[in-house]
Amino acid sequence: MNGDHDAFTLGPLETGPACCVPQPAVQVRNLSLCYDGKTALDTITLDIYKGCITALIGPSGCGKTSFLSAINRLTDLIPRCSVTGRILIGGQDIHHPRCDIQALRRRVGMVFQKPVPFPLSIRRNLSLPLNEHGVTRKNEAAGIIERVLHDVGLWDEVHDRLDAPALSLSGGQQQRLCIARALALNPEILLMDEPCSALDPIASGVVEDLICRLQGRYTIVIVTHNLAQARRIANYAAFFWVRERAGQLVEFGRCQHIFESPRHELTAAYVNGNRG
Amino acid sequence: MMLSVSVRQRIRDFSLQSLMYLAVLLVSAVFVWLLADLVQGGMAHLSWAFLTESPRDAGRAGGIASILVSTLLILLIALAAAVPLAWATAVLLAEFVPIDSRFGSAVRFSLYVLAGVPSIVFGLFGNAFFSIYLGLGFSILSGGLTLACMLLPILTSTAEAGMRTVPDTYRLSAAALGMTRTTALIHLIFPAAAPVLAAGLLIGIGRALAETAALLFTSGYVDRMPGSLLDSGRALALHIFDLSMNVPGGDMPAYAAALVLVSLLLGINSLAMAFAHGLQRRCILT
């Protein structure tokens with residue numbers, strides 16, 4: 001899977017310590033989420049550690065995506081969705097009335113299941129969010145664009161056609177562009193909602209390698225239905241299960257423990273493929 | 001037995017198809033007949049001078065230059081007043097109000113009703129409100145503003161539909177990148193909806209060009225070249241009506257003027273269809 005994508009270099013590890021020192025980047029406390037009065041997530045308490053990859057696993061409909069969108073308050077956009085409980089990022093409550101939501105979403109980037117490049121040029125896809133966050137000087141933006149395209153391994157593929165429509169890229173390239181777009185804002189945390197599931201196996205492998213390379217520089221929370229992938233890339237895993245239509249956190253721990261010596265029998269059944 | 005069933009089915013198929021072809025033929029025949037009649041009647045009178053001279057002798061002689069200018073001015077005023085209002089309403093309905101909200105439904109309902117109001121009623125309203133109450137008199141301004149009221153429903157509903165065709169994933173992605181709604185609207189949603197907005201605009205222009213009744217009591221029918229927006233001015237459709245109904249011997253110029261009007265409408269509708277087609281092919285904006 002690595003192929004010629006092994007060649008790029010990453011910058012110094014600026015954000016966060018190595019992942020073996022668990023230091024919470026996101027603290028979730030008693031988080032509950034209701035759609036139209038119906039509970040979708042039931043009192044989740046969880047720490048997400050700085051610089052690590054945390055995989056959220058569990059069957060469909062157990063609230064993994066809802067949990068993810070609560071972290072950058074994308075749930076605000078969903079009508080009749082209400083969130084209770086607290087989420088602290090770097091010690092700050094994101095539901096505080098004075099929390100700047102634009103700044104929050106700059107700190108917490110998100111990549112969706114299906115790649116969503118805007119119907120603009122490749123360059124404009126990256127410069128539009130940058131301009132929005134005050135990077136208006138052309139040179140500065142161009143530097144960032146080149147850096148993030150290198151980071152996601154797209155630079156060699158697109159550097160001579162940055163003004164081509166982003167929709168002309170292949171699915172895997174589009175998804176890497178979307179990751180680059182999120183990285184361009186220099187986030188601390190990256191939320192990924194099944195970033196590989198809409199891609200073919202080769203493209204999926206490329207994106208997976210990319211996620212591994214981002215480990216340590218960013219705190220990554222990834223939803224995945226691919227247990228083998230979770231096992232390969234994640235440091236921590238959180239297992240969600242659905243009980244009476246409400247998602248609950250069953251077990252959280254080091255990825256190895258979740259997969260090899262789970263404490264809960266549901267977890268054991270799910271990771272061994274007996275349930276779910 | 002099997003054979004007879006299949007024969008009966010084939011006869012049914014064939015007759016249904018023939019009926020449909022006949023219907024299509026009739027519909028197109030009406031259009032072709034109308035166009036042929038207009039070309040036959042109007043072509044002889046149509047000339048460069050007809051387009052560049054002002055009418056004389058109540059329109060029997062001369063051309064339609066002043067009429068075209070008045071029509072254009074009325075149209076411009078109507079668009080200048082209606083487009084910002086309609087598009088702002090559409091943004092509110094499509095982007096800020098939940099689709100099933102009471103407020104949105106009430107606004108949409110009032111637009112439907114407005115779309116169904118006969119144009120002569122708009123004319124009377126315009127006369128009472130703009131001409132008399134606001135004291136604008138019979139003028140291009142009151143005509144244009146009356147037309148603006150008529151255009152509101154069509155412009156609003158096309159623009160709302162256009163913005164709803166833009167996938168929600170764009171809005172979510174833009175929000176996830178910390179972009180404000182305004183930025184997303186200006187840089188993503190408006191450009192993506194542009195073909196539909198343009199098509200709606202062209203349909204609106206077509207409506208406005210063809211309007212007669214709403215202008216009868218508002219912009220009046222003085223056929224001089226207008227000196228200002230407060231002058232009365234005669235719209236093209238009204239000119240045709242006046243020539244054919246009130247002016248003995250005005251048939252030839254009426255035909256020629258109708259030919260000009262229909263050519264304009266044809267051109268505008270073709271443009272609108274081209275835009276709509278462009279949308280279907282999901283034009284990629286760079």
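The largest nonpolar core of this predicted model comprises 107 residues, a nonpolar core being a set of buried Ala, Val, Leu, Ile, Met, Phe, Trp, Tyr and Cys residues joined through side-chain atoms within 4.5 Å. Residues are termed buried under 20% relative accessible area, exposed over 50% and partly exposed in between (1.4 Å probe, protein chains only). The residues with the most contacts inside this core are Val26(A), Ile57(A), Phe67(A), Ile89(A), Leu149(A), Ile179(A) and Ile220(A). Helix 8 (residues 181–210) of chain B gives the most to the core, contributing seven residues; helices (H or I, at least four residues) and strands (E, at least two) are DSSP runs numbered from the N terminus. A second, separate core holds 44 residues, among them Ile140(B), Leu147(B), Ile205(B) and Leu215(B).

The model is predicted, and local features are reported at pLDDT of at least 70 and side-chain atom pairs only at pLDDT 80 or more, whereas totals for chains, interfaces and linings use all residues. Residues are numbered from 1 along each chain as its sequence is written, chains are lettered from A and ligands numbered from 1 in the order in which they are written, and side-chain values use heavy atoms, with hydrogens and water left out.

Phe67(A) belongs to helix 1 of chain A, where it is one of the buried residues. Contacts are defined by heavy atoms within 4.5 Å. When neighbours within four places in sequence are left aside, Phe67(A) is in contact with Val28(A), Leu31(A), Leu41(A), Ile44(A), Leu46(A), Ile48(A), Leu56(A) and Phe240(A). Helix 1 (residues 64–71) is mostly covered, with seven of its eight residues buried. In addition to Phe67(A), the buried residues of this helix are Lys64(A), Ser66(A), Leu68(A), Ser69(A), Ala70(A) and Ile71(A). The helix is followed by Arg73(A), whose phi is positive, near 55 degrees.

Elsewhere in chain A, Pro129(A) lies in helix 3 (residues 122–132). Pro129(A) counts as buried because its relative accessibility is 1%. Beyond its neighbours within four places in sequence, Pro129(A) contacts Arg124(A), Arg181(A) and Leu185(A), as well as Leu177(B) and Met179(B) of chain B. The C-alpha atoms of Pro129(A) and His150(A) are 18 Å apart in space, the two residues being 21 apart in sequence.

Chain B contains 11 helices and two strands, which run α-α-β-β-α-α-α-α-α-α-α-α-α from the N terminus on. Its radius of gyration, taken over C-alpha atoms, is 24 Å, against a value near 19 Å for a compact globule of 286 residues; the globule rule is 2.2 Å times the number of residues to the power 0.38. Along the principal axes, the C-alpha atoms of chain B fill a box of roughly 70 × 65 × 40 Å. Of the 286 residues in chain B, 43% are buried. Among contacts in chain B between residues at least 6 apart in sequence, 75% join residues at least 24 apart. The accessible surface of chain B is about 15200 Å², and 72% of it belongs to carbon and sulfur atoms. Accessible areas were obtained by the Shrake-Rupley method with a 1.4 Å probe; for residues, only the protein chains shown count as cover.

On the surface of chain B, Leu19(B), Leu22(B), Leu25(B) and Leu26(B) form a nonpolar patch of about 440 Å². Patches are made of residues with over 30% relative accessible area and no salt bridge, like charges being joined within 9 Å and nonpolar side chains (Val, Leu, Ile, Met, Phe, Trp, Tyr) within 5 Å. Leu25(B) is located in helix 1 (residues 2–42) of chain B and is exposed, with a relative accessible area of 59%.

Side chains of opposite charge can pair when their charged atoms come close. With a salt bridge defined as a side-chain nitrogen of Lys or Arg within 4 Å of a carboxyl oxygen of Asp or Glu, the count over all chains is 21. One salt bridge joins Asp100(B) and Arg80(A) (3.6 Å, N to O). This pair crosses between chains, from the loop between helix 3 (65–96) and helix 4 (102–116) of chain B to the loop between helix 1 and strand 4 (81–89) of chain A. Both Asp100(B) and Arg80(A) are exposed, and they are linked with Asp36(A) in a network of salt bridges.

Within chain B, Arg164(B) and Glu160(B) form a salt bridge (3.1 Å, N to O). The two residues are separated by about one helical turn because they are four residues apart in helix 6 (residues 140–164). Arg164(B) is partly exposed, with a relative accessible area of 32%, whereas Glu160(B) is buried at 9% relative accessibility. Asp242(B) and Arg234(B) also form a salt bridge, with their closest N and O atoms 3.1 Å apart. Asp242(B) is buried at 11% relative accessibility, and Arg234(B) is buried at 6%.
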